[in-house]
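Okay, everyone, thanks for squeezing me in. Let me put the structure up and then walk you through the parts I liked.

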Amino acid sequence: MRALYRSSRFVTSTLRPLLYESYRFGTLLPLIGGECSFCSHSREKSREGALDLSQYPPERIRNFSIIAHVDHGKSTLADRLLELTGTIKKGHGQPQYLDKLQVERERGITVKAQTATMFFRHKFQQHEATEIVNAPNFLLNLIDTPGHVDFSYEVSRSLAACQGVLLVVDAAQGVQAQTVANFYLAFESNLAIIPVINKIDQPTADPDRVKAQLKSLFDLDPNHALLTSAKTGQGLEHVLPSVIDRIPAPPGKCDSPLRMLLLDSYYDEYKGVICHVAVVDGALYKGDKIASSATGHVYEVSDIGIMHPELTPTGVLLTGQVGYIVSGMRSTAEARVGDTLHQAKSTVLPLPGFKPAKHMVFSGLYPADGSDFDALNHAIERLICNDASVSVTKETSTALGMGFRCGFLGLLHMDVFHQRLEQEYGAKVLSTIPTVPYIFEYSDGSKVKVQNPAALASNPGKSVTACWEPSVIATIILPCEYVGPVITLCSERRGDQLEYSFIESQRVLMKYQLPLREIVVDFYNELKSITSGYASFDYEDAQYVTNFSIN
Ligand SMILES: Nc1nc2c(ncn2[C@@H]2O[C@H](COP(=O)(O)OP(=O)(O)OP(=O)(O)O)[C@@H](O)[C@H]2O)c(=O)[nH]1
């Protein structure tokens, strides 16, 4: 119950000490048998060029994400795989190694997708006789993703760099709402999906039940599911061999001009913007001049490498590889997530990029001390470099002075952004009550979209004839005995039932169209409370619906 949808800072701060406690349950992986070998590449050896990436043509590369419902064990599984490959030392460092932000560690949730490169020797079945030391070495890029619905934008961006996923499902809880959402994200991206039934060490684990759910809901072959415990290490020896056997190599062309997708970025005080990139075609070397398809600006690559798991210079990134570059970009206006970067001297067809993020809630952010506007401006600029899903426009309030109106993907996202501003940039921030955007239609036929009620003209000289509000399609999975109260809750919140189906004899999946405003405040807490914590909830945005109309 660590990573629930939290609709207020009060709840969050109350839970925080409890959440932090849960990190103390560090677990050690018993010695793992099987035909695998730790790679000799260690961080100590990682001087520039020490890692020869030319040994890893696309057929020796696998790029995969770990996706799952909240708390089903993604980050713990990632820890074990990093240990298994010698990328981090067993028992060293903190649990959930890739959850690096203070906010992630305090709340016990992943909010940023993180990539780590691992090396792993793998013997194919037909080469049984080969000694493991002579088996081919593979470069594996693992992306750990967030599980909470507010951060599914991170998941969809991560999938753009992958050819496959590990779909992790808790062996006791079974398929939950975000399992369904994440499965479809991977399925629609045509990725290879490896189901991993995790936490089989729990007394209530029921892997056969979960296998049946995977079959009935997603048509995934139960015989292909891996059974693991990221806690005890059971079954983990099959994970990376399955990744290599079942996930295709990246499809890019080595001899084509460079095309590189900008996946993510963050601001470093010394180096400027550090971009995470996936090289789709061609190759990039330190010192190369690259251009942005979005802005046309040209940059020189001053540093380039992989995350192994920290920044490890390599001097080059080749087709299919995922890594980082430093090129003198200074802001998000330059480092545009989803942009295609290419050699300055060549022109290329840009890659599809990402769908723009859809902002669900808006809130004003103001400096607690009005004179700190510039400092807050600076902090927000730096932070949105690492969170491209936030929209920011300047606004002025008579009571609070100059500030910003920011769009977020949900309440938890808003709360996390606020907390990161305070923790990572020392900003003292006042935020206004979250609102959702409405569309108003006037008697002359004109329409206006309003994110802030204060922005609605008090005397526009014409009357309002209609108003639309945003809606969502919510997926709720719950045990049968709670169906009655949940239907009542959804009706009270103006929901329309779209689907009601049994995913197994005792569990129901319901879909509702609900006005966004009705779920923004307290819906999730109420849902959890009336189902004793057993319901899981996910939503995607849907069209605007009439709030009222005057004929
Ligand atoms: N018993 C048991 N507990 C596990 C196992 N794997 C993970 N856990 C525990 O489950 C909790 C959640 O694990 P995480 O790895 O943070 O889950 P997550 O899916 O990354 O969570 P989010 O990033 O918040 O979505 C932690 O307390 C882990 O120690 C397992 O195999 N068995």
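So, what share of the 551 residues in the protein chain is buried? The answer is 56%. Keep in mind that this is a predicted model. In terms of secondary structure, we're looking at 12 helices and 26 strands. If you take the contacts with a separation of 6 or more, 73% of them come from residues 24 or more positions apart. As for the surface, the chain exposes about 23,300 Å², and carbon and sulfur atoms supply 53% of that.

Let's zoom in on one strand, β21, residues 438-442. Is it enclosed or open? Five of its five residues are buried, so β21 is largely enclosed by the rest of the structure. Here's a general point: in a regular strand, side chains alternate between the two faces of the sheet. In β21, Tyr 438, Phe 440 and Tyr 442 sit on one side, Ile 439 and Glu 441 on the other, and both faces are covered. Yes, that buried set includes a glutamate, Glu 441.

Now the neighbours. β21 runs antiparallel to β22, residues 447-450, with four bridges joining them. Ile 439 stands opposite Lys 449 there. The hairpin between these two strands has four residues, and Gly 445 takes a positive phi near 90 degrees in it. β21 also pairs with β23, residues 464-479, again antiparallel and through four bridges. In that pairing, Tyr 442 stands opposite Val 464. Tyr 442 has a charge to deal with as well: the charged end of Lys 462 sits over its ring, 4.9 Å from the centre. You get a similar arrangement elsewhere, with the charged end of Arg 382 over the ring of Tyr 267, 3.6 Å from the centre.

Last topic, aromatics. How many aromatic pairs are there? The count is 14. Take Tyr 500 and Phe 502: their ring centres are 6.0 Å apart and the planes meet at 80 degrees, so that pair is edge-to-face. Tyr 500 is partly exposed, at 36% relative accessibility. Then there's Tyr 524 with Phe 537, a tilted pair, 5.9 Å centre to centre with 40 degrees between the planes. That one links distant parts of the chain, since Tyr 524 is in helix α12 and Phe 537 in strand β26, 13 residues apart. Both of those residues are buried. And if you like clusters, ring pairs link Phe 183, Tyr 184, Phe 187 and Phe 218 into one.

That's my tour, thanks.

Definitions and conventions
Residues are numbered from 1 along each chain as its sequence is written. This is a predicted model: local features need pLDDT of at least 70, side-chain atom pairs count only at pLDDT 80 or more; totals for chains, interfaces and linings use all residues. Side-chain values use heavy atoms; hydrogens and water are left out. Buried means under 20% relative accessible area, exposed over 50%, partly exposed in between (1.4 Å probe, protein chains only). Contact means heavy atoms within 4.5 Å. Accessible areas come from the Shrake-Rupley method with a 1.4 Å probe; for residues, only the protein chains shown count as cover. Rings of Phe, Tyr and Trp (its six-membered ring) pair if their centres lie within 6.5 Å; planes under 30 degrees apart count as stacked, over 60 as edge-to-face and the rest as tilted. A charge sits over a ring if NZ of Lys or CZ of Arg is within 6 Å of the ring centre and within 35 degrees of the ring normal. Two strands pair if DSSP finds at least two bridges between them.
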